Amino acid sequence: MSNLKYIDDYFNGFPGDEQKQEFEKLIKNDAAFAEEVAFYVAAKAGFQQHAQQEKKEHFRNLYRQQQAVPVVQLKPAKRVWQYFSAASVLLFIFLLTWFVNNRKTSPDQLADTYIQQHLLTLPVTMGTQQDSLQTGLNLYKSDKLPEALQYFETMLKNNAADDAAKKYAGIVSLRLKNYDKALSHFQSLEQNTASFSNPGKFYHALTLLKRNSAGDKAAAILLLKEVVAKDLEGKETAVTWLKKL
Amino acid sequence: MSFEQHPVSTDEDLIESFHQNALLKRKAEDTIFTRYTYFIKEGMYKYALPEEDAFDAYSDTVLQVINNIVSGVFEKKSSLKTYLYRIFANKCVDLIRKKTTNKNSVHQTSSVTDMLFMIADSAKTVVQQLIEKTDMDILKNKMKELGENCRQILAFFADNYSDKEIAVALDYKSADVVKTSRLRCLEKLRQLYLGK
C-alpha cells in the first residue's frame, strides 16, 4: 500500500527526532514520497473542508430556526397550511413512487415515508387520556401544529415527567421541522427506562434520519441497533431500516 | 425549550462532551453555536457587516473554537464566551479587510497548516509547493466517486476522530480494521486522483 501507512503513522504518532529527520530526508530526496505526503495532507484537508462546509450549512439551518418567529395569524396560516397540505400530498405521491422504484432509500426519505404513514394522524379518542392531551391531539389532527405544541409544552411545564406529552411534543416539533426541539423531547423521553413501551430512542433515530446532517445517519444507525438489541418500541421498523441504510 | 435549557450547560460539560462519542460531540457543537448567535447581530451593528458576512464570521469562529477544543489549543484560561468573542471580533475585522477575497477561505487553510507543523521548514516548503499544485476541485470530485463507506470513514478521520472512536461510531470490529480500511480508501482516492 505505497507509503501511506508510513506517512499516516508519522502524522498520527509522536515521532522522535531520529524519525523526524528520516521523514524529512525522504521528503527532500524522494520526489515520489514527497508527492505522497502532499497527497495525504491535501486529501485530509479536502475532507475537512467538505465537513466544515456541511457543518456550516447545518449551522445556517439552526440559525434560521432560531430566527423564525412563531407569529399566529389565522388567515395567512390557513393558506399556508392549505399549501402545506397540498405539498404534503404531492410529496407523498413522489416518495411512494420513489420508494417503489428504488429499494435503496436515503435516510430522510425513509423518515418522510414513516412520518407520512404513521405520524400524520394520531389516535385522538383514548378514554384514559387527560383532557388537555385530547385537546392537543385534536389540534394536531386539525393541523394546528404550533398550537398543539404549545399545549403539550404547557402540560410538560405542569408535569415534567409526563411521557405522553414529551412524545407528542417531540412528534409535533418533528412535523414542524424543529429538529433540535424534537431531539430534546425524545432524548428526555428515552431517559425513562422503567417504561415498557418507550419509543424515545426510536423517535430520536427517526429525527436524526429526517434531519440527515453530517454524522446524523451514523448516529441514527447506532440508536436503531440499540432499539433492536434492547427490544424497544419500533424494533420491527428499526430492523427494516437497518437493512436499507 | 431552547438550547439554554439543554442538559449540557457549563463550559466544562461542553468541553468534556468533545471527548465523548460522536453524538455528544455533535450536540455540543450545536449548543455552542446556538448559545451565542446573538454575536451575529453584534457583528452587524458594531462592525457594519451584512447579516450573511456576520453569519460567516460567527460560524467560522465556532468551527475554529471546536477545533481548538478538540486539539487542546483552548487552555481554559478564559470562559468559552470570552474566547469565542475574541476570535469572532478578529474575524469580523479580517472580513472587513478581505472584502475582495473569498470569505469562505478564512477558515479553510488552517487544516493544512496544522498538519505541516510536524515537519521542519526545509521539507515543509517542498510539501507546501506540491500541495499548491494539487487541484483541490478535482480531488473533491474524486472524493464523490468513493463508496459511501469510504466517504464516511474518511469524513470521521478528517474530523479528527481516532480509529477507536470511528470503530464505535461506524460499527467496525476494531481500531485496526478501521485503520486498514481507511488507508485502503485513501489509496483508492489517490489512484482515482492520479487517473489510474
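A residue is taken as buried if 20 or more other C-beta atoms lie within 10 Å of its own. In the predicted model described here, Val172(A) is buried, because 28 other C-beta atoms are found within 10 Å. This residue, Val172(A), belongs to helix α8 of chain A, which spans residues 163-175. When residues up to four places away in sequence are set aside, Val172(A) touches Tyr140(A), Leu145(A), Ala148(A), Leu149(A) and Phe152(A). In addition, Val172(A) and Leu120(A), although 52 residues apart in sequence, have C-alpha atoms 9.8 Å apart in space.

The contact between Val172(A) and Phe152(A) also appears from the side of the second residue, since Phe152(A), leaving aside its neighbours within four places in sequence, is in contact with Gly136(A), Ala165(A), Tyr168(A), Ala169(A) and Val172(A). Both residues are part of the largest nonpolar core, which has 71 residues and in which Phe152(A), Val172(A), Ala205(A), Ala220(A), Leu224(A) and Ile166(B) have the most contacts. Helix α3 of chain A (residues 31-67) supplies the largest share of this core, 10 residues. Apart from this core lies another, of 23 residues, with Leu14(B), Ala28(B), Phe55(B) and Leu63(B) among them. In soluble globular proteins, nonpolar side chains tend to be buried together.

Helix α8 of chain A, in which Val172(A) is placed, packs on helix α9 of chain A (residues 179-190), the two axes coming within 8 Å and crossing at roughly 155 degrees. Angles over 145 degrees count as roughly antiparallel, and α8(A) and α9(A) are therefore roughly antiparallel to each other. The crossing in which α8(A) passes α9(A) is left-handed. On the α8(A) side the contact involves Asp163(A), Lys166(A), Lys167(A), Ala169(A), Gly170(A), Ser173(A) and Leu174(A), which meet Lys181(A), Ala182(A), His185(A), Phe186(A), Ser188(A) and Leu189(A) of α9(A). By class, the residues of this contact divide into 5 nonpolar, 4 polar and 4 charged.

A second helix pair was examined in chain B, where α3 (residues 38-46) and α4 (residues 51-71) pack with their axes 8 Å apart, at an angle of about 130 degrees. This angle makes α3(B) oblique to α4(B), and the crossing of the two helices is right-handed. The residues of α3(B) that take part are Phe39(B), Ile40(B), Gly43(B) and Met44(B), and they meet Glu51(B), Ala54(B), Phe55(B), Ala57(B) and Tyr58(B) in α4(B). The contact of α3(B) with α4(B) has 7 nonpolar, 1 polar and 1 charged residues. Phe55(B), named in this contact, is also one of the residues of the core of 23 residues.

At the level of whole chains, chain A contains 12 helices and 0 strands, and chain B likewise has 12 helices and 0 strands. Of the 245 residues in chain A, 37% are buried, while in chain B buried residues make up 35% of 196. Among contacts with a separation of 6 or more, residues 24 or more positions apart account for 46% in chain A and for 51% in chain B. The contact between the chains takes 40 residues from chain A and 45 residues from chain B. On the side of chain B that touches chain A, the residues divide into 29 nonpolar, 10 polar and 6 charged.

Terms used
Residues are numbered from 1 along each chain as its sequence is written. Chains are lettered from A and ligands numbered from 1 in the order in which they are written. This is a predicted model: local features need pLDDT of at least 70, side-chain atom pairs count only at pLDDT 80 or more; totals for chains, interfaces and linings use all residues. Two residues are in contact if their C-beta atoms, placed from the backbone, lie within 7 Å. Ala, Val, Leu, Ile, Met, Phe, Trp, Tyr, Cys and Pro count as nonpolar, Asp, Glu, Lys and Arg as charged, and the others, Gly among them, as polar. Helices (H or I, at least four residues) and strands (E, at least two) are DSSP runs, numbered from the N terminus. A residue is buried if 20 or more other C-beta atoms lie within 10 Å of its own, exposed if 12 or fewer, and partly exposed in between; C-beta atoms are placed from the backbone. Axes are lines fitted to C-alpha atoms, for helices over the stretch in contact, and angles run from 0 to 180 degrees between N-to-C directions. Angles under 35 degrees count as roughly parallel, over 145 as roughly antiparallel, 65 to 115 as roughly perpendicular and the rest as oblique. A crossing is left-handed if the near helix is turned anticlockwise from the far one by less than a right angle, and right-handed if clockwise. A nonpolar core is a set of buried Ala, Val, Leu, Ile, Met, Phe, Trp, Tyr and Cys residues joined through C-beta atoms within 7 Å.
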